[in-house]
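Trainee: Could we take a close look at one part of this model together? I'd like to follow how some of its aromatic rings sit.

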Amino acid sequence: MTTAQLDCQYCTTSLLGKKYVLKDDSPYCVSCYDRLFSNYCEVCREPIESGSKDLCYKGRHWHEGCFNCAKCSQSLVEKPFAAKDERLLCSECYSSECSSKCFHCKKTIMPGSRKMEFKGNHWHETCFVCEHCRQPIGTKPLISKENSHYCVPCFEKEFAPFCSFCKKVITSGGITFHDQPWHKECFLCSGCRKELCEEEFMSRDDYPFCLDCYNHLYAKKCAACTKPITGLRGAKFICFQDRQWHSECFNCEKCSVSLVGEGFLTQNKEIFCRKCGSGVDTDM
């Protein structure tokens, strides 16, 4: 660059014997350069002059003395830091403000360390342990009981009931019949072997039966309609000598009036109200 060319590109002041700054191969006096090209500090909003250190992070700029933790104000120069909501925080403040707290020990789970999550809560890996054997559960299957967590072998050993049919452990669900636990898929009709967990059923000699099998094998037949009498859901029925009737079927053979709670007369296998039976030879 010749002497004639050594003038400030902006104000044209001679730069001979003065400090200047080159930008895009053009010289500028320090004053013009700072006014035209300096970045503005995120904290103090003053220009970062050419003689000062300009610290940059994701397109934002700071004076060296302004590059501090937004919470505790300690310098972040050449120290690890993290950003949250446009604020810069030192690692200690970031951990305190942003990191999860361990559900067990209540201490901060430091960024970068392994944490376990279950039902919306977090644990240090070493704090997330089986309540019984105290070994870390990690990613292994677990079972919860009364806010405590157990590995599957410990839970089965300590708490799980065993199915009365297959003798294997019941880890969830199941049903109880005669005070004994059963897997739902093991609770079957003793006649046809279909599953009863979603079905109505009857019991005979401590064995469960579906309604069809029970009716076929054991239910008495109504003397009037010949359909099974189960007594299911509190249904009432009438017994007389060796015969049974549904309560709605216990009617006079002649006039069909209900005989439930009324006196009646019989002749052979037929039943009559007193009025209708008074004209026939009866047994009662």
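Is Phe-250 buried or exposed?

Mentor: Keep in mind that this is a predicted model. In it, Phe-250 has a relative accessible area of 2%, so we call it buried, since the cut-off for that word is under 20%. Now for its partner. A pair of aromatic rings is described by the distance of the centres and the angle of the planes. For Phe-250 and Phe-264, the ring centres are 5.3 Å apart and the planes meet at 85°, so this is an edge-to-face pair. Phe-250 sits in the loop between β18 (243-246) and β19 (264-267), while Phe-264 belongs to strand β19, so the pair ties together parts that are 14 residues apart in sequence. Phe-264 counts as buried too, with 12% relative accessibility.

You can set that beside another pair, Phe-209 and Tyr-218. Their ring centres are 5.4 Å apart with the planes at 70°, so they are edge-to-face as well. Here, though, Phe-209 is buried at 6% relative accessibility, whereas Tyr-218 is partly exposed at 30%.

If you want to keep hunting, a search of the whole structure turns up 21 aromatic pairs. Some rings join up further: Tyr-57, Trp-62, Phe-67 and Phe-81 are linked into a cluster by ring pairs. Rings also have charges over them in places. Lys-106 lies over the face of Phe-103, 4.7 Å from the ring centre, and Lys-145 lies over the face of Phe-159, at 5.2 Å from the ring centre.

Definitions and conventions:
Residues are numbered from 1 along each chain as its sequence is written. This is a predicted model: local features need pLDDT of at least 70, side-chain atom pairs count only at pLDDT 80 or more; totals for chains, interfaces and linings use all residues. Side-chain values use heavy atoms; hydrogens and water are left out. Rings of Phe, Tyr and Trp (its six-membered ring) pair if their centres lie within 6.5 Å; planes under 30 degrees apart count as stacked, over 60 as edge-to-face and the rest as tilted. Buried means under 20% relative accessible area, exposed over 50%, partly exposed in between (1.4 Å probe, protein chains only). Helices (H or I, at least four residues) and strands (E, at least two) are DSSP runs, numbered from the N terminus. A charge sits over a ring if NZ of Lys or CZ of Arg is within 6 Å of the ring centre and within 35 degrees of the ring normal.
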